[in-house]
Amino acid sequence: MKKFLKVILIIALAVIILLIAIYINHQIRLNQESKLRSPLGQIVEVDGHNMSIYTEGAGDTTLVFMSGGGTCSPMLDFKSLYALLSDKYKIVVVEKFGYGFSDVVDKSRDIDSILEDTRAALNAAGLSAPYVLCPHSMSGLEALFWAQKYPDEVSAIVGLDMAVPAYYDSMDINIPLMRTASWAANIGITRFIPGISDSDAVKYGTLSDMEKEIYKAVFYSRTATVTMINETVWVKENAKKVNSMGVPQLPMLLFISDGSGGTGFDKETWRKIPIEYIEQVHDGKYIELDCPHYVHDYEYKTISENIVEFLSDKG
């Protein structure tokens, strides 16, 4: 028994030493990557914290891109798409707290708080409504709530495989797993997982080599942040609130993926839910795409062309 306990003690000590070495390496690398994490856009103050907003183009219509849950660098994730649109429209990418170049904050992520943060950031950046909202995934809830609560501020919604409330009725959300991923990211274990920082934007988009390096640097400082986890904790309640307020009636175009790429749904179910939703919108349409969930990193040309056509028709 003494020999067994001694072996266990040696193994535990070795693990602790290894974790300390991994953490020190992580801190050294974060320091080396600090220049890569210099904000690419504008930093504004919201509720006493810094929030990042990126703008490009100078059109009369303003497109606001809103990232899905856990997307570490929204500004670069959307670039392949908005780069094709900025010659016609004013492009805005809002990086919520916990994302990109914005501060990580431990605060409530109920749908009202998220929306008011976004509106305050846009106002602080000197931008004004109405907006065409372009949400991906989870931020679809925020976009729908925005149209419900402040209809005069939203002229249209272009959903980039965006979430609608019914998705969350049966979605299995593993918060303990997310907290474990957060711990691993904070320690620096993720740096030793091959290819983990190679997002769809990096692999399939049009980012330059330097932008890919920036994306990876942001990834290692913005993976499963406490703010992202708080969003996930709240998401089912947020979906219920959005659902209780009915379906907003405004021009709406949904791009729908095949459900692959981490949604947890099969293709048929993933497509059925938003189609049933958009059929309740008087001025709504949808386009099915044969690509994974991050549609804007795969079909950016097709999406940009259809956005221009959609907005021209509504123009």
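**Figure 1. Ala224, a buried residue in the loop between H9 and H10.** With a relative accessibility of 11%, Ala224 counts as buried in this predicted model, because the cut-off for burial is under 20%. Ala224 belongs to the loop between H9 and H10. Have a look at its backbone too: phi of Ala224 is positive, at about 50°, although the residue is not a glycine. Most residues other than glycine have a negative phi.

**Figure 2. Tyr220 and its contacts.** Here we stay in the loop between helix H9 (209-219) and helix H10 (226-244), which also holds Tyr220. Is Tyr220 buried or exposed? Its relative accessible area is 13%, so Tyr220 is buried. Apart from residues up to four places away in sequence, Tyr220 touches His26, Leu30, Glu33, Thr190, Arg191, Ile196 and Ser197. For one of these contacts, Thr190, there is a distance to go with the view: Tyr220 and Thr190 are 30 residues apart in sequence, and their C-alpha atoms are 7.7 Å apart in space.

**Figure 3. The buried side of helix H9.** The buried residues of H9 are worth picking out one by one: Glu211, Ile214, Tyr215, Ala217, Val218 and Phe219. Which helices do they pack against? Their partners are helix H2 (74-77), helix H3 (79-82) and helix H8 (200-204).

**Figure 4. The hairpin of E1 and E2.** Strand E1 (residues 42-46) pairs with strand E2 (residues 49-56) in the antiparallel sense, and five bridges link the two. To find your way along the pair, start at Gln42, whose bridge partner in E2 is Ile53. Then follow the chain to the turn: two residues lie between the strands of this hairpin, and Asp47 in the turn has a positive phi of about 55°.

**Figure 5. Strand E4 between two pairings.** Strand E4 (residues 90-95) is mostly covered, with five of its six residues buried. E2, which you met in the hairpin, runs antiparallel to E4, and five bridges join them. A handy landmark for this pairing is Thr55, which has Val92 as its bridge partner in E4. Strand E3 (residues 62-66) also pairs with E4, this time in the parallel sense and over five bridges. In that pairing, look for Phe65, which stands opposite Val93 in E4.

**Figure 6. The cis peptide bond before Pro130.** From Ala129 to Pro130 the peptide bond is cis, and its omega is near 5°. Most peptide bonds are trans. Where does Pro130 sit? Pro130 is found in the loop between helix H4 (111-124) and strand E5 (131-135).

**Figure 7. Ser137, with a positive phi after strand E5.** The loop between E5 and helix H5 (139-149) contains Ser137. Ser137 is not a glycine, yet its phi is positive, near 55°. Its relative accessible area is 15%, so Ser137 is buried. Keep this residue in mind, since Ser137 comes back in the next view as a contact of Ala163.

**Figure 8. Ala163 and the residues around it.** Ala163 lies in the loop between strand E6 (154-160) and helix H6 (167-170). What is its relative accessible area? The value is 3%, so Ala163 is buried. Leaving out its neighbours within four places in sequence, Ala163 is in contact with Ser137, Met138, Gly140, Leu141, Leu144 and Tyr168. Gly140 is 23 residues from Ala163 along the chain, and the two C-alpha atoms are separated by 4.9 Å.

**Figure 9. Stepping back to the whole chain.** To place the close-ups, here is the full protein chain, with its 12 helices and eight strands. Its C-alpha atoms fill a box of roughly 75 × 40 × 35 Å along the principal axes. The radius of gyration is 21 Å, which agrees with the value near 20 Å for a compact globule of 315 residues. Of these 315 residues, 52% are buried. Among contacts with a separation of 6 or more, 78% are between residues 24 or more positions apart. The chain exposes about 14,600 Å², and carbon and sulfur atoms supply 53% of that area. As for charge, the chain has 29 positive and 40 negative charges, and their mean positions are 10 Å apart.

Technical notes: Residues are numbered from 1 along each chain as its sequence is written. This is a predicted model: local features need pLDDT of at least 70, side-chain atom pairs count only at pLDDT 80 or more; totals for chains, interfaces and linings use all residues. Side-chain values use heavy atoms; hydrogens and water are left out. Helices (H or I, at least four residues) and strands (E, at least two) are DSSP runs, numbered from the N terminus. Buried means under 20% relative accessible area, exposed over 50%, partly exposed in between (1.4 Å probe, protein chains only). Contact means heavy atoms within 4.5 Å. The radius of gyration is taken over C-alpha atoms; the globule rule is 2.2 Å times the number of residues to the power 0.38. Accessible areas come from the Shrake-Rupley method with a 1.4 Å probe; for residues, only the protein chains shown count as cover. Lys and Arg count as positive and Asp and Glu as negative; His and the chain ends are not counted. The place of a charge is taken as NZ of Lys, CZ of Arg, CG of Asp or CD of Glu. Two strands pair if DSSP finds at least two bridges between them.
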